Amino acid sequence: MDDSGSQFADVIVGFKFLGYSDQPPPGTKFDAYCGDSVYTKVTQRYSEDPALKQKQSLVLRAIEEGKGEIADYAKSVVKRILAAQLETCWRLGASYDLLNWESQVVHSGMWERVFAMLKENGIVKLETEGDNKGCWVIPDPDTGEQKVVVRSDGTAVYVAKDIPYAAWKIGLVADPFGYELYQAAQPNGSELRSTVLSGGSRTDDFAGADQSISVIDARQAYLQKIVAKVLESMKGGSSARYLHRGYEVVALSKSTAQGLGFRIEGEFAHMSGRAGLYVNVDTVLDRLGERARSETRKRNQKEPDEWVSDVSEAIAVAALRYELLKQDPDRIIVFDTEEALKLQGDTGPYLQYTYARARRILDKTEGTPQISEESASMMKTKQEARLVKKLSALDVGVARAGEFLSPREVAKFAHELAVSINDFYESVQVNREPNPSLRDARLALVDAASRVLAQSMSIIGVPRRSRI
RNA sequence: GGGCCCGUAGCCUAGCACGGAUUAAGGCGUCAGCCUUCGGAGCUGAAGUGGCCGUACCCCAGAAACCAUGGGUUCGAAUCCCACCGGGCCCGCCA
């Protein structure tokens, strides 16, 4: 949780010094209100009145010290923003095990200890001349360039917060944190804990992982390389235990940017919080949900509204998650609002539809199918053979996903399986098959297929319903 | 100046990490089909290029597409290497 950055400080400036209400208008989430409205306005005020910047540094200092009225107020705002953001995460079916706070990393004293170790090993040195005079720097042996880690005024720069955090993850520094319960049960039933600097209980559930994988924006690749290099040079450290899984950003298509009132040059534009050029997850989900709702209603005239709402939300989440997951993480995703609203073709809802179709066959079946080697061998069409073969490949997809740190391998598998199921569905009859042995064999195949599909969907977090 | 990523059909993408089985695989869009049906959010099929101002049809040309482009390695390259073009990103005593 980035609770000590300047962007967050700007929001506090807005509430404390510019008189913006800290209550969002009805129907607006608090995080969206802070980001869309307060933050943008404060940034604008800075450009009109540069003196306001002093308030920002005042707030930053107060947060840094962690004591006093402003700091306490800031903490309460952080909690409210976090609560709103968790709501969105949970809506997407994501959950966490532990909350980490940047401010706690800073206050934990880990940096001081790591810094001492780095000095001892000669990884960092005090520059005595040139532009960086008076700074502690890490020299790059390859390029000869220097990365400043401690400013000439003695304060630490951004990477200097990341280094101890990374070291903590793989256990190169003693764990300074206590752990306490933050939320007993998230929607998936698991508990959510938070680090604390005083109190809490000790646990070795989190710090000192054998392998840490940091999923961070590709633009941070250079800094992450520095972090990995520093870890490698520490006692017991190795860069192999700290991996950076980079991913390219999501940008906005020309037409989507124009829809937000921006005129852009090229084919797409990078999002910018400062400029207000971005789309919120909740907004996208809402719009997807609307489209899904009308489609669902069309197909299910008699169902109660509540049922339709639940299904539409599941479809919206499936569409968004699958869309983002199926793509190459090294490629910029150009997000287009219209394009993203697709519910047909190679999409999350296609998986859901396929699952529901398979379930439907099983629901219309009475009794348990009896299957034998003999009846199984009665399935002779190429569609049946392909489906059987496909079923056995789930673990291959999962293994590849692990090997390449790429969950989309599972997404690809799920899609291919769904294609095989639909192909099967169109080419053979199950419940109408007159030969009872063959019918049972096919039923067993449908049952197996629906279970493997369910499993792969749950791995990639695509929700499913037995009817949609 | 240094470094990283991307470039595949009208559009979006898969395949590249380990070079070889295919006609380079899907989706969207377009056109034509499939509902007395276990669900049509599905399935099946079609569309190479150039010329005639444009479109449809016809006609004509043409051994005749292909992974940005050009080389290289190889028996074999979308995949490996080099170069080059285009797009994006990073290189701060910001975070």
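I looked up Val137 and its bridge partner in this predicted model. In β4, Val137 is bridged to Val148. I then checked how β3 and β4 run against each other. They pair in the antiparallel sense, over 4 bridges. Strand β4 covers residues 146–150.

Next I went to the other pairing of β3. Strand β2 (residues 125–126) and strand β3 (residues 136–139) are also antiparallel, with 2 bridges. I noted that Leu126 has Trp136 of β3 as its bridge partner.

I turned to the cores. The largest nonpolar core has 37 residues. Which residues have the most contacts inside it? I listed Trp111, Val114, Leu118, Trp168, Leu231 and Met234. Strands β3 and β4 each give two or more residues to this core, as do α6 (110–121), α7 (159–169) and α8 (221–233). Another core lies apart from it, with 35 residues. Tyr355, Met379, Phe413 and Ala418 are among them.

I picked Leu231 for a closer look. Beyond its neighbours within four places in sequence, Leu231 is in contact with Ile163, Ala166, Ala167, Ile170 and Leu172. The list also holds Gly237, Ser238 and Tyr242.

Last, I looked at the surface. Which residues form a nonpolar patch there? I found Ile213, Val215 and Tyr247, with about 280 Å² of accessible area together. Ile213 sits in strand β7, residues 212–217. Is Ile213 buried or partly exposed? Its relative accessibility is 43%, so I entered Ile213 as partly exposed. My reasoning used the cut-offs: buried means under 20%, and exposed means over 50%.

Conventions: Residues numbered from 1 in each chain as written. Chains lettered and ligands numbered in written order. Predicted model: local features only at pLDDT ≥ 70, side-chain atom pairs only at ≥ 80, totals over all residues. Heavy atoms only, no water. Pairing = 2+ DSSP bridges. Patch = residues over 30% accessible without salt bridge, like charges linked within 9 Å, V, L, I, M, F, W, Y side chains within 5 Å. Areas by Shrake-Rupley, 256 points an atom, 1.4 Å probe, with all protein chains shown as cover. Salt bridge = Lys/Arg side-chain N within 4 Å of Asp/Glu carboxyl O. Buried < 20%, exposed > 50% of the residue type's maximum accessible area, 1.4 Å probe, protein only. Core = buried A, V, L, I, M, F, W, Y, C linked by side-chain atoms within 4.5 Å. Contact = heavy atoms within 4.5 Å.
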